[in-house]
Amino acid sequence: MTSRQEHQVEPPALPDTVRNYVDGEWVAGEGDRVDPVVNPATGAELASVPYASAADVDAAVAAAREAFDDWRATPAVDRAQYLFDLKAELDDRQEEIAQALTREHGKTLEEARGEIRRGIENVEVAAGAPNMLREGSGVVEDVAPGMDESAIRQPLGVFAAITPFNFPAMIPLWFLPYAVATGNTFVLKPSEKVPLSAGLILEAVEAVGFPDGVVTLVNGGADTVDALLEHEDIVGVSFVGSTPVARHVYETAAAHGKRVQAQGGAKNYVVVTESAALEEAVPNIVGSVYGNAGQRCLANDVVVGVGDCYDDLRADLLDAVDEITVGNGLDEGTDVTPLITPDSRDRVAGMIADAVEEGADLVVDGRDFEHPDYPDGNFMGPTVLEGVTTGMTIAQEEVFGPVLCLARAEDLDEAIGMVNSTEYGNASSVFTERGAEARRYRREVDAGNIGVNVGVCAPMGFFHFGGRKGSFFGDTHAQGEDAVHFYTEKTIEIERWYS
Ligand code: NAD
């Protein structure tokens with residue numbers, strides 16, 4: 001039996017109908033809309049996801065609000081114990097979640113396992129919340145005669161998180177552990193395209209025995225999001241997704257008096273200088289551009305070769321692209337997996353056509369790729385465009401597909417100008433062996449995550465996840481201490497005693 005057949009006869013047990021988890025119960029949404037959850041590699045329908053109705057959202061938020069008073073009164077160290085247990089549950093279920101994740105999203109099993117690990121890392125960091133809650137708090141004795149002043153961090157109430165399709169397990173875990181560790185209750189609205197992984201995470205939450213209402217799951221789409229953004233009992237919103245929706249979430253949540261952190265889309269450049277170690281740079285860059293079929297907010301899809309390195313860089317990249325295998329993420333040896341939907345594939349194909357129209361050379365065209373074993377998959381082969389300039393749409397807009405755009409710069413000045421030309425500021429990498437070039441890059445590139453000889457600069461859970469310009473709307477970011485700040489309010493107390 002081939003490894004492909006083995007994978008196909010051993011799917012994990014997945015629910016036919018994706019449910020919401022409200023007040024400790026699994027319930028189907030009662031909204032008007034039901035969408036299929038589709039395996040992007042095979043086109044097979046995995047499950048259906050009924051959307052939450054407005055009444056379902058109300059019930060979910062009411063349960064979370066009801067749970068808040070007792071949960072905030074639960075000692076911080078006891079709350080942390082639930083997170084230690086959640087880490088253990090997620091560790092045990094890692095393979096089960098990875099199998100479901102690859103089926104609903106398409107990414108390779110290796111990438112799915114890695115993403116779950118990065119999610120669990122945030123549970124581990126959040127378990128240290130009792131310590132992190134001390135940050136920005138403290139007491140100063142005798143601020144005036146007989147008078148002491150202190151600052152403490154307190155939870156606020158019910159937070160919501162709205163998450164995208166491209167990291168179905170990790171991104172919910174950027175938020176859930178911190179929100180509850182700091183004493184809030186939490187409502188998750190995952191992407192309707194990939195709700196299975198979030199459901200499995202909530203099963204782990206249920207197994208841990210969090211009090212009912214502390215963690216809630218509602219499925220749905222834009223209407224569900226708007227119901228959360230406008231709900232009077234939601235105090236704050238964490239969002240990750242595309243820039244137009246991030247902007248909408250930021251503005252709507254703020255207009256309804258909520259604090260909000262909204263991470264948007266990206267357009268990331270990688271610059272390769274003449275001093276770069278090309279043999280290391282090329283596999284790193286290829287992994288960044290084509291991994292997850294380019295559907296990463298940290299994917300570097302415009303590759304700028306500086307000065308004389310361009311020709312060698314181009315040749316090595318094309319050799320590496322030649323070696324890429326396109327396929328089902330469940331199959332060993334797959335590099336490039338399918339796009340999430342047929343619409344997504346059409347959109348990327350349209351961007352390639354527009355780039356050619358605007359003057360780019362299509363050196364490798366993956367648009368007609370068809371997989372012999374998976375005729376209904378949303379596959380696109382690796383594509384390379386050359387002669388890309390910042391005036392082209394493809395150099396300014398997020399592609400979110402397996403497309404590498406090659407560009408040239410005379411020197412580092414010009415390259416940095418190109419990197420900063422977009423409306424986004426999520427990430428950028430430089431490949432160089434000169435410290436001074438790297439230092440300049442870090443200082444002058446306007447992006448929140450900078451890689452130096454690193455193609456995908458994903459911050460560890462104990463650092464915040466950067467993002468600027470059109471890639472982030474808000475103040476404090478996801479993960480680490482920033483998350484603790486976002487989910488708490490600082491209160492000042494000044495006291496004196498007369499007896
Ligand atoms: P998306 O914006 O389409 O959807 C994200 C979430 O918003 C989903 O839960 C969806 O149901 C909801 N939504 C969609 N349209 C809405 C609307 N009109 N009103 C209210 N809610 C709406 O994003 P996606 O396609 O799922 O994810 C890909 C995007 O996410 C890319 O742009 C990528 O760069 C971005 N992303 C950013 C980061 C980051 O850290 N900055 C991380 C991962 C993904």
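What volume does the largest pocket have? About 900 Å³. Before I go on, this is a predicted model, where local features need pLDDT of at least 70 and side-chain atom pairs count only at pLDDT 80 or more, while totals for chains, interfaces and linings use all residues. Residues are numbered from 1 along each chain as its sequence is written, and side-chain values use heavy atoms, with hydrogens and water left out.

First, the terms. Rolling a probe the size of a water molecule over the atoms shows where empty space is left. The search here runs on a 1 Å grid over the protein atoms alone: a cavity is a set of points where a 1.4 Å probe fits but cannot get out, and a pocket is an open set with protein on both sides within 12 Å along at least five of seven lines. Lining residues have an atom within 4 Å of a point. Grid points are joined across faces, edges and corners, and a volume is the space filled by probe spheres set on the points.

Back to the largest pocket, at about 900 Å³. It is lined by 40 residues, and F165, K193, G241, S242 and V245 are the closest to its centre. Four helices and strands, which are DSSP runs numbered from the N terminus (helices H or I, at least four residues; strands E, at least two), can be named here: α8 (222-230), β10 (234-240), α9 (243-255) and α12 (342-357) each give at least two lining residues. The most comes from α9, with five residues. By class, this lining has 18 nonpolar, 13 polar and nine charged residues; Ala, Val, Leu, Ile, Met, Phe, Trp, Tyr, Cys and Pro count as nonpolar, Asp, Glu, Lys and Arg as charged, and the others, Gly among them, as polar. The largest pocket lies between domain 1 (20-264 + 471-494) and domain 2 (269-452), because both give residues to its lining. The domain bounds come from an automatic or database domain assignment.

Next, the ligand. Which residues come nearest to it? Of the 28 residues around the ligand (a heavy atom within 4 Å), they are K189, E192, S242, Q263 and E398. There are three polar contacts to show, a polar contact being a pair of N or O atoms within 3.5 Å; within protein, one must be able to donate a hydrogen and the other to accept it, and residues adjacent in sequence count only if both atoms are side-chain atoms. A ligand oxygen sits 2.5 Å from a side-chain N or O atom of E398. For K189, a side-chain N or O atom is 2.8 Å from an oxygen of the ligand. At F165 the partner is a polar backbone atom, 3.0 Å from a ligand oxygen. Taken alone the ligand exposes 850 Å², and the protein buries 87% of that (Shrake-Rupley method, 1.4 Å probe; for residues, only the protein chains shown count as cover).

The second largest pocket has a volume of about 410 Å³. Of its 23 lining residues, T108, E110, E111, T334 and D335 are the closest to the centre. At least two residues each come from α3 (76-105), α4 (109-126) and α10 (278-290), and α4 has the largest share, four residues. The classes are six nonpolar, nine polar and eight charged. Domain 1 and domain 2 each contribute at least three residues to this lining.

Now the enclosed spaces. How many cavities of 30 Å³ or more does a search of the whole structure find? Three. The largest cavity has a volume of about 100 Å³, and of its 14 lining residues G294, R296, A299, D301 and F400 lie nearest its centre. Seven of the lining residues are nonpolar, three polar and four charged. The second largest cavity holds about 60 Å³. K267, V419, Y424, A427 and A447 lie nearest its centre, out of 14 lining residues, and β17 (424-425) and β18 (427-431) each supply at least two.

Last, two backbone angles. D142, in strand β5 (residues 138-144), is not a glycine yet has a positive phi near 60 degrees. A293 is not a glycine either, and its phi is positive at about 55 degrees; A293 lies in the loop between α10 and β13 (300-306).
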